[in-house]
Amino acid sequence: KKETSHPKAATSTSASSQTYPNAGALYCLAFFYYATKNELGPIRPVGKFLSVKAVVFFTWWQSFMIAIVSQMGLIPSYMDKDGKTELSSEDVAKALQDYLICIEMFIG
């Protein structure tokens, strides 16, 4: 029997494949802090460090949750008014993630 992969499985694979790079980025950020904490002490970088860590962590979980919602079929596809261009539910999920990140960066 030939196995075929489901197109929606790519979204969860993509989201889960970001775990190690994000963990590596956070590790490097922590390593950088501990290596330079004496030199950076006067500007008190802990708040900035935690802010960057929170943004990276929250963005990953947000994309993971959007991928799950998309796989559950809760994000619809859309057709423009002319009926010429269709946005798939995956396109809408990507646009939603991009939009949320823009709003979060504006607020933060």
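# A tour around helix H3

Begin by selecting helix H3 (residues 46-71) together with helix H4 (residues 89-107), which in this predicted model pack at an angle of about 155°, with their axes 10 Å apart. Because an angle over 145 degrees counts as roughly antiparallel, H3 is roughly antiparallel to H4. Two packed helices are described by the angle between their axes and the distance between the axes. The handedness can be added here, since the crossing of H3 and H4 is right-handed.

Next, show the side chains where these two helices meet. On the H3 side, select Val55, Phe58, Thr59, Gln62, Ser63, Ile66 and Ser70; on the H4 side, select Ser89, Ala93, Leu96, Gln97, Leu100, Ile101, Glu104 and Met105. If you colour this set by residue character, the contact of H3 with H4 divides into 8 nonpolar, 6 polar and 1 charged.

Stay with this contact and centre the view on Gln62, a residue of helix H3. Is Gln62 buried or exposed? Its relative accessibility is 10%, and because buried means under 20%, Gln62 counts as buried. Selecting what surrounds Gln62, and setting aside residues up to four places away in sequence, you will find that it touches Gln97, Leu100, Ile101 and Glu104, and these four residues are also listed on the H4 side of the contact between the helices.

Now move along H3 to Phe49, which is found in that helix and which, at 16% relative accessibility, counts as buried. Which residues does Phe49 contact, once its neighbours within four places in sequence are left aside? They are Leu29, Ala30 and Tyr33. A distance drawn from C-alpha to C-alpha between Phe49 and Ala30 should read 8.0 Å, although the two residues are 19 apart in sequence.

Select Val56 next, again in helix H3, where a relative accessibility of 26% places it among residues that count as partly exposed. Leaving aside its neighbours within four places in sequence, Val56 is in contact with Asn22 and Leu26. Val56 and Leu26 are 30 residues apart in sequence, and their C-alpha atoms are 8.0 Å apart in space. Asn22 and Leu26, like the partners of Phe49, can be looked for in helix H2, which covers 19-40.

From there, go to the loop between helix H2 (19-40) and H3, and select Arg44, which has its place in that loop. Check the backbone of Arg44 first, as its phi is near 45°, a positive value in a residue other than glycine. Most residues other than glycine have a negative phi. As for the surroundings of this residue, Arg44 is exposed, with a relative accessible area of 69%.

Finally, zoom out to the whole protein chain and colour by secondary structure, which comes to 4 helices and 2 strands. Read from the N terminus on, the elements run α-α-α-β-β-α. With a surface displayed, the protein chain exposes about 8600 Å², of which carbon and sulfur atoms supply 66%. Buried residues make up 16% of the 108 residues in the protein chain, and Gln62 and Phe49 count as buried. Among the contacts of the protein chain with a separation of 6 or more, 57% are accounted for by residues 24 or more positions apart, and the pair Val56 and Leu26, at 30 residues apart in sequence, is one place to look when you want to see such a separation on screen.

Definitions and conventions
Residues are numbered from 1 along each chain as its sequence is written. This is a predicted model: local features need pLDDT of at least 70, side-chain atom pairs count only at pLDDT 80 or more; totals for chains, interfaces and linings use all residues. Side-chain values use heavy atoms; hydrogens and water are left out. Axes are lines fitted to C-alpha atoms, for helices over the stretch in contact, and angles run from 0 to 180 degrees between N-to-C directions. Angles under 35 degrees count as roughly parallel, over 145 as roughly antiparallel, 65 to 115 as roughly perpendicular and the rest as oblique. A crossing is left-handed if the near helix is turned anticlockwise from the far one by less than a right angle, and right-handed if clockwise. Contact means heavy atoms within 4.5 Å. Ala, Val, Leu, Ile, Met, Phe, Trp, Tyr, Cys and Pro count as nonpolar, Asp, Glu, Lys and Arg as charged, and the others, Gly among them, as polar. Buried means under 20% relative accessible area, exposed over 50%, partly exposed in between (1.4 Å probe, protein chains only). Accessible areas come from the Shrake-Rupley method with a 1.4 Å probe; for residues, only the protein chains shown count as cover.
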